[in-house]
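User: Could you take a close look at the interface between the two chains here? I'd like the contact described piece by piece, and then how it sits beside the domain layout.

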Number of protein chains: 2
Amino acid sequence: MSKRKYAIGVDFGTESGRAVLVDVADGQEVAAAVHSYANGVIDKKLPDTDIRLDPDFALQDHNDYLEVFKRAIPAVLKESGVAPEDVIGLGIDFTACTMLPTKADGTPLCFLSKWRENPHAWVKLWKHHAAQPEANKLNQIAGKLGYKFLDRYGGKISSEWFFPKAWQILDEAPEVYQAADRLIEGADWVIWQLTGQEKRNACTAGYKAIWSKREGFPPNDFFKALDPRMEHIVDEKMSRTLYPLGAKAGGLTEEAAGWTGLKPDTAVAIANVDAHVSVPAATVTEPGRMVIIMGTSNCHMVMGTGENIVPGMCGYVDEGIVPGLFGYEAGQSCVGDHFAWFLENCVPGAYEQEAEKRGLSVHELLEEKAAQLNPGESGLVALDWWNGNRSVLVDVDLTGMLLGATLATKPEEIYRALIEATAYGTHTIIETFEANGVPVNEIVATGGLPNRNKLLVQIYADVTGRPIRIAGSSQGGALGSAMHGAVAAGQEAGGYNSIVEASKQMARLRDEAYEPIPENKKIYDRLYAEYITLHNYFGRGANDVMKRLKRLKAEVRAGL
Amino acid sequence: MSKRKYAIGVDFGTESGRAVLVDVADGQEVAAAVHSYANGVIDKKLPDTDIRLDPDFALQDHNDYLEVFKRAIPAVLKESGVAPEDVIGLGIDFTACTMLPTKADGTPLCFLSKWRENPHAWVKLWKHHAAQPEANKLNQIAGKLGYKFLDRYGGKISSEWFFPKAWQILDEAPEVYQAADRLIEGADWVIWQLTGQEKRNACTAGYKAIWSKREGFPPNDFFKALDPRMEHIVDEKMSRTLYPLGAKAGGLTEEAAGWTGLKPDTAVAIANVDAHVSVPAATVTEPGRMVIIMGTSNCHMVMGTGENIVPGMCGYVDEGIVPGLFGYEAGQSCVGDHFAWFLENCVPGAYEQEAEKRGLSVHELLEEKAAQLNPGESGLVALDWWNGNRSVLVDVDLTGMLLGATLATKPEEIYRALIEATAYGTHTIIETFEANGVPVNEIVATGGLPNRNKLLVQIYADVTGRPIRIAGSSQGGALGSAMHGAVAAGQEAGGYNSIVEASKQMARLRDEAYEPIPENKKIYDRLYAEYITLHNYFGRGANDVMKRLKRLKAEVRAGL
């Protein structure tokens, strides 16, 4: 083929959607555009009303997703000058679980005036945490009745996932639950809008809706045990047909072609989850190399050849990342967020002034100062639980701890201790994977943080004792989506027949590599031993002080 | 007597000396003056030389003490307009142990050009910490040989005390040790300068030089075991005659009268220690009421009728505070210093700007914000060991810890948690006293902090469950010294025959009282239970992580 072909990936984030147009031959990013959601995260009150939301609510407006197609795709076509007929495929990735109730034809309930003022008719964003009571009940009932499917998720599922959210609708707004013909992931809903076909992806279902390729969904009896009205939720409002990653969902409808400026019938891939699609975009399609998506939180993805129960992980899914392998996922709930908290709350004015005078950001100044310290020099060790522990303890009620402070302790020492703590957290995850038969020999870092913070990456290499490479694209989600678009188009159309091939051609690593420094590793081994002792003491029941303090705090705030 | 009589107290602090002139009838402060030491704390290099000091050294210049007499006393006479003949007595108090080597006539060695360039010829200030190796050896040898006198000091003595400092001179500058006819507390040295008589006080000897009224100093064999050259240190360079508090040392010499503007032969009291003299100045001359001197550190003073071994206290001395009672002392090494550290290192620029805009100090702003929180609301608990633990663990190698932080934690919550931690530390001390037969029914707070920080005092009341009164004078040291001056003068001269009588007439409390708030106490009981569990876990050997981290830090800094 002489003529260059292109694919478009659209990454739906928490605050905005990003489209990239890439060259199918080498993955080169030709153009990119971001569209910020007009209604962003809806967590105070419903748009255009005075209807206030409970504090744990986090909703979105489905129309914001469509606006991304209508604005960002035309923008990348225009910027690149690429002709619509040379765009062979389109893929998307989405936050998950982000779900909504719709009518049978896909019309979101919140689009209908009858339901528009009911918060439960809107999209529940991944970080909607108001379904915690339902998650607790679900975990308890599954345990009591002896169902084993929770073992795939480290023993319990999160309030962020599909069935707690669905159940919350039923609990709090049974009329909305009743009116919803479909309950669907945002990821699958946007594909429906593009192709006119409701084709759900197996990845989201596997990681967020307790589905597995071998066992399917939990049995109806289980849902009946939760609430008799939910007995047939899967057959009534979901689907038992789930499509693998890389499959083609269909072609663009005339209407969607009109929104985007692309040709009707352009190949559209089955939807992806943001984290999982980043893995082949980081060149990883085989076991042994872990991809860590480093941003506000860390997401750890690794593949294995067998089905291993790894305690305390977020989940594993057969073919959840690439075909033919089990995809394992773990996470840390507080990484970039942690440093942002520190910057906002703990950095003295004198540092802000110094940074300004020297033309640095406060982050850069702190990194510079922290980089001058040697491992162990601060005498500090922290537990990285400012936002709970996702893996391997799976406990949102754990909190942060800093130990070793003296009157000589400086802000940059605390900052470095917080970075180190997140590295220890990652090391705990790696050790748990390896102890349970999932090897991790090397790390590929992707996401926003690794590009901004070299010190952080070196500390991760030193603490884990593994070499770290950096993904070539910092837009792993959008690139991975475009790669899936090229696979949906297929080789004949100028794309690829598998994500493994697409990854080989379209993904790359940066040249720089971070090797563990042996002297540092030796000291970090000693510090990590201290971390693990504290991790187990506070995290595994020897002293539940963190939970008691959280309970007391809740009591005091409730005025009890 | 119709004519009013006055007494002067001089309080020698770390950076300056303060004189107050008070009315003997009612303790009213008529005039006050402060003189800052020209050479302050000498910890970088010897004055007027390039001779650098080791980092743990903290020296002073004896001449700075004399300058306080020459400047501050004339200043209060001038300011008050009081005639010198109406000043019936003079007392002083001093930091301790602050000691120096002198010739037989009292001339400090560092005054002589032969020794002036030797750091060991200078005054060693209380916070000179370079004698830690000697303190360690002393504690070890005393333990090995089965001497029981360390039981009076919680089981070990500090590097800040007399014999480690004396021994360090011998170890590092045997020629200075050899040339020193006398090794003497600064407190006793200034009294010698005023009266021409070397009369040492029992209080400092009891608290800092392992002396007791019943047993005297440790036996010569003990000193021989430390170093044969020290066998006769007490008889050769000190004195076995020690004078009780409130006794008269003598009258002002002609020369000292010239310095001060007072009449020759004005009564001069035996020297006092700063903390101990504050007790009768805070109206306390009986058991059951604890005086807490709150400043950069906390000093807890309480009296008992019997001789009780209280583990982990700084010491107890028969008649160490007032005649006829045992004086017990405990301490926390980091209180005001703690908050100052926090302000310097952890308060964001936005708070500094808000404080400036509202015309508040940052301390005031933080106090205001922290006061709006309820106990338990932050979910935080801290261990107040940023500068080690003085009582009841007596361990300088312990370090600070903060637990319970989340991404929503605000600076004022941490600030309040640090205040609460110091209150828990005080509560530990009180509980240990009571468990060992020394009751504490009520607290009188004195020193700089209680006047500046009402929130702190209320938290102490709530945590300890004891009412707290505030001493009427914020200059407890100087007032107490003046009271001892009035006792040295005696009733016939218009003064008093005992410190108990002087305290009744001259000391007072403020009207305001802080009562424990029952709801708060209930919550603090739960938080204190968490504190104690952590206190014992980290402080009593279950997990020596703090010591290991400190050792690692020292190794790294030494480049090992």
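Analyst: Here is a walk through the chain contact, followed by the domains of one chain.

First, the ground rules: this is a predicted model, so local features need pLDDT of at least 70 and side-chain atom pairs count only at pLDDT 80 or more, while totals for chains, interfaces and linings use all residues. Residues are numbered from 1 along each chain as its sequence is written, chains are lettered from A and ligands numbered from 1 in the order in which they are written, and side-chain values use heavy atoms, with hydrogens and water left out.

Chain A puts 54 residues into the contact and chain B also puts in 54, where contact means heavy atoms within 4.5 Å. About 4,500 Å² is buried between chain A and chain B, with carbon and sulfur atoms giving 59% of that; buried area is the accessible area (1.4 Å probe) that two parts lose on being put together, summed over both.

As for polar links, 23 residue pairs are in polar contact across the interface of chain A and chain B, both residues at pLDDT 80 or more. A polar contact is a pair of N or O atoms within 3.5 Å; within protein, one must be able to donate a hydrogen and the other to accept it, and residues adjacent in sequence count only if both atoms are side-chain atoms. There are also eight salt bridges between chain A and chain B, each being a side-chain nitrogen of Lys or Arg within 4 Å of a carboxyl oxygen of Asp or Glu. One of them joins E377(A) to R557(B), at 4.0 Å from N to O.

On the side of chain A that touches chain B, the elements giving two or more residues are α11 (336–346), α12 (349–358), β19 (400–405), α14 (411–435), α19 (518–539) and α20 (545–557) of chain A. Helices (H or I, at least four residues) and strands (E, at least two) are DSSP runs, numbered from the N terminus. The most comes from α20(A), with nine residues. By class, that side of chain A has 27 nonpolar, 15 polar and 12 charged residues; Ala, Val, Leu, Ile, Met, Phe, Trp, Tyr, Cys and Pro count as nonpolar, Asp, Glu, Lys and Arg as charged, and the others, Gly among them, as polar.

Strand pairing crosses the interface too: β19(A) runs antiparallel to β19 (residues 400–405) of chain B over five bridges, and two strands pair if DSSP finds at least two bridges between them. In that pairing, G400(A) has A405(B) in β19(B) as its bridge partner.

Now the domains. Chain A is assigned domain 1 (6–125 + 177–216 + 240–275 + 476–507) and domain 2 (283–471 + 517–560), with bounds from an automatic or database domain assignment. Their centres, taken over C-alpha atoms, are 30 Å apart. Here 13 residues of domain 1 of chain A are in contact with 20 residues of domain 2 of chain A, and about 1,300 Å² is buried between these domains. On the domain 1 side, Y207(A), K213(A) and A275(A) lose the most area to domain 2 of chain A, together 46% of what that side buries.

Two salt bridges cross between the domains of chain A, and E307(A) forms a salt bridge with R214(A), with 2.9 Å between the closest N and O atoms.

Back at α12(A), K369(A) and E354(A) form a salt bridge at 3.3 Å. K369(A) lies in α13 (residues 362–371) of chain A and E354(A) in α12 of chain A, so the pair ties together parts 15 residues apart in sequence.
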